[in-house]
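Hi,

Here is the structure I promised to pass on. Please open it first, then read my notes below.

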Amino acid sequence: ELDTDIIYVLDGTATIVTGGKSLESKQIAANEFRGTSVDGGETRILKKGDVLIVPKGTPHWFKEVSGTFLYYVVKVR
């Protein structure tokens, strides 16, 4: 809820969905929720060198990961 995620892909390929609605969402820590998937939203493929900014409060989910997928996430409050 409070952090913007900046995702930088080091290696590999994955499909991510951002936006929409988080399904079966549960609070796992203060201001932190996890769900089983995302319904709706925008789908995009991430590959080595890509940077994606996910605004705070935006549901996001790695829908498909092809093999090894290495990335950094920087959380900005």
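Leaving aside neighbours within four places in sequence, which residues is Asp 5 in contact with? The list is Leu 52, Ile 53, Val 54, His 60, Val 73, Val 74 and Lys 75. Please keep in mind that this is a predicted model.

Some more on Asp 5. It sits in strand S1. Its relative accessible area is 6%. The cut-off for buried is under 20%, so Asp 5 counts as buried. Its side chain makes a polar contact with the side chain of His 60, at 3.1 Å.

Next, Arg 44. This residue lies in strand S6, which covers residues 42-47. Arg 44 is partly exposed, with a relative accessible area of 25%. Which side chain does the side chain of Arg 44 make a polar contact with? The partner is Thr 18, at 3.0 Å. Not counting residues up to four places away in sequence, Arg 44 touches Ala 14, Thr 15, Ile 16, Thr 18 and Leu 52. Ser 25 is another matter. Arg 44 and Ser 25 are 19 residues apart along the chain, and their C-alpha atoms are separated by 22 Å.

Now the aromatics. There are three aromatic pairs. One of them is Phe 69 with Tyr 71, 5.2 Å centre to centre and with 35° between the planes. Why is this pair called tilted? Planes under 30 degrees apart would be stacked and those over 60 edge-to-face, so a pair at 35° is tilted. Phe 69 is buried, with a relative accessible area of 12%. Tyr 71 is partly exposed, at 36%. Phe 62, Phe 69 and Tyr 71 form one aromatic cluster.

Last, the surface. Which residues make the nonpolar surface patch of about 580 Å²? They are Tyr 8, Leu 10, Val 51, Ile 53, Leu 70 and Tyr 72. Strands S1 (4-18), S7 (51-54) and S8 (60-76) each give two or more residues to this patch. Leu 70 is placed in strand S8. Its relative accessibility is 42%. Patch residues need over 30%, so Leu 70 meets that cut-off. Leu 70 counts as partly exposed.

Two links to look at on screen. Strand S1 holds Asp 5 and also gives residues to the nonpolar patch. Ile 53 is one of the patch residues and is also among the contacts of Asp 5.

Best wishes

Key
Residues are numbered from 1 along each chain as its sequence is written. This is a predicted model: local features need pLDDT of at least 70, side-chain atom pairs count only at pLDDT 80 or more; totals for chains, interfaces and linings use all residues. Side-chain values use heavy atoms; hydrogens and water are left out. Rings of Phe, Tyr and Trp (its six-membered ring) pair if their centres lie within 6.5 Å; planes under 30 degrees apart count as stacked, over 60 as edge-to-face and the rest as tilted. Buried means under 20% relative accessible area, exposed over 50%, partly exposed in between (1.4 Å probe, protein chains only). Patches are made of residues with over 30% relative accessible area and no salt bridge: like charges are joined within 9 Å, nonpolar side chains (Val, Leu, Ile, Met, Phe, Trp, Tyr) within 5 Å. Accessible areas come from the Shrake-Rupley method with a 1.4 Å probe; for residues, only the protein chains shown count as cover. A salt bridge is a side-chain nitrogen of Lys or Arg within 4 Å of a carboxyl oxygen of Asp or Glu. Helices (H or I, at least four residues) and strands (E, at least two) are DSSP runs, numbered from the N terminus. A polar contact is a pair of N or O atoms within 3.5 Å; within protein, one must be able to donate a hydrogen and the other to accept it, and residues adjacent in sequence count only if both atoms are side-chain atoms. Contact means heavy atoms within 4.5 Å.
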